[in-house]
Amino acid sequence: MTTTAPQYDLQSLSLRLQELTDRVELTELCDRYVRHLDKDRASDAWLGSVFTQDARLTFPMGEFRGMEGLTAFQKMARTTFERTHHVSSNYDIRVDGDRALITAHLMAVHVRRREEPGSHFTIGGHYEAEAVRTDEGWRIRTFDFDLVWNAGDPPAGKI
């Protein structure tokens, strides 16, 4: 049995290429976020490469707005846990021009003390993010995390 590849004209190929490029860039944006959470914990310099200036993040422990709020959230995470390991996957990306909605799964292990990696707080859930295309590339404007499960000892009063 032979199959015939779909026929595309130049305009439809260009649109398809833009769609695929956007999806790759948005996946890289989500991956960059969780990689920075784990590898660049000592600095907040990376926040502008992931978020818009007016970003809003919502987690079970609260809402954080703008770069000042994101910096406070990062400080809280750094002072509560010495190490983290985040995994984001199963991306569903819906692009509409210069705006995109991303839903994905997220799991994270939070280790309070480096010397005791077996004692940790682990979470799993889903997130929905709105990203916008900026002059510097795609950035996350909103990020809403829905906690599905957790195990271990959460920070006091945080979950």
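This is a short talk on how the sheet, the helices and the core of this structure fit together.

Hi everyone, and thanks for coming. One thing before we start: what you see above is a predicted model.

Let's begin with the sheet. Six strands make it up, and it is open, with the order S2-S1-S6-S5-S4-S3 and mixed pairing. At the edges sit strand S2, residues 62-65, and strand S3, residues 83-96, each with a pairing partner on one side only. From one strand to the next, the twist averages 15°.

Now for the pairings, going strand by strand. As a reminder, strands of a sheet pair through backbone hydrogen bonds, either parallel or antiparallel. Take S1 and S2: they run antiparallel, with four bridges between them, and a hairpin links the two through two residues. If you want a pair to find on screen, threonine 58 has glutamate 63 in S2 as its bridge partner.

On to strand S1, residues 51-59, and strand S6, residues 137-152. Do these two run parallel or antiparallel? They run parallel, and four bridges join them. Here you can look for arginine 56, whose bridge partner in S6 is threonine 142.

Then there is S5 with S6. This pair is antiparallel and is joined by 14 bridges. The two strands form a hairpin, with two residues in between. Valine 132 is the residue standing opposite arginine 139 of S6.

Next, helix H1, which covers residues 10-39. H1 packs on the sheet and touches S1, S3, strand S4 (99-111), strand S5 (120-134) and S6. Its direction makes about 160° with that of S3. H1 has 30 residues and spans 42 Å from first C-alpha to last, close to the 44 Å expected at 1.5 Å a residue. At its N-terminal end there is a cap from aspartate 9, with a side-chain oxygen 3.2 Å from the backbone nitrogen of glutamine 11.

Which residues of H1 are buried? They are Asp22, Leu26, Leu29, Cys30, Tyr33, Val34, His36, Leu37 and Asp38. The cover over them includes S1, helix H2 (66-80), S3, S4, S5 and S6.

That brings us to the core. The largest nonpolar core has 33 residues, and the ones with the most contacts inside it are Leu26, Tyr33, Phe51, Leu57, Phe59, Tyr127 and Phe143. Two or more residues come from each of H1, S1, H2, S4, S5 and S6. H1 gives the most, with six residues.

Let's zoom in on phenylalanine 143. Leaving out residues up to four places away in sequence, phenylalanine 143 touches Tyr33, Arg56, Leu57, Thr58, Phe59, Tyr127, Glu128 and Ala129.

My last stop is glutamine 74, which lies in helix H2. Why does glutamine 74 count as buried? Because its relative accessibility is 6%, and buried means under 20%. What does glutamine 74 touch? Its contacts are Leu37, Asp44, Trp46 and Leu47, again not counting residues up to four places away in sequence. One of these, Leu37, is among the buried residues of H1 we met earlier.

That's my tour, and I'm happy to take your questions.

Key
Residues numbered from 1 in each chain as written. Predicted model: local features only at pLDDT ≥ 70, side-chain atom pairs only at ≥ 80, totals over all residues. Heavy atoms only, no water. Pairing = 2+ DSSP bridges. Axes fitted to C-alpha atoms, helices over the stretch in contact; angles between N-to-C directions. Contact = heavy atoms within 4.5 Å. Expected span 1.5 Å × (residues − 1). Buried < 20%, exposed > 50% of the residue type's maximum accessible area, 1.4 Å probe, protein only. Polar contact = N/O pair within 3.5 Å; in protein donor to acceptor, adjacent residues only side chain to side chain. Core = buried A, V, L, I, M, F, W, Y, C linked by side-chain atoms within 4.5 Å.
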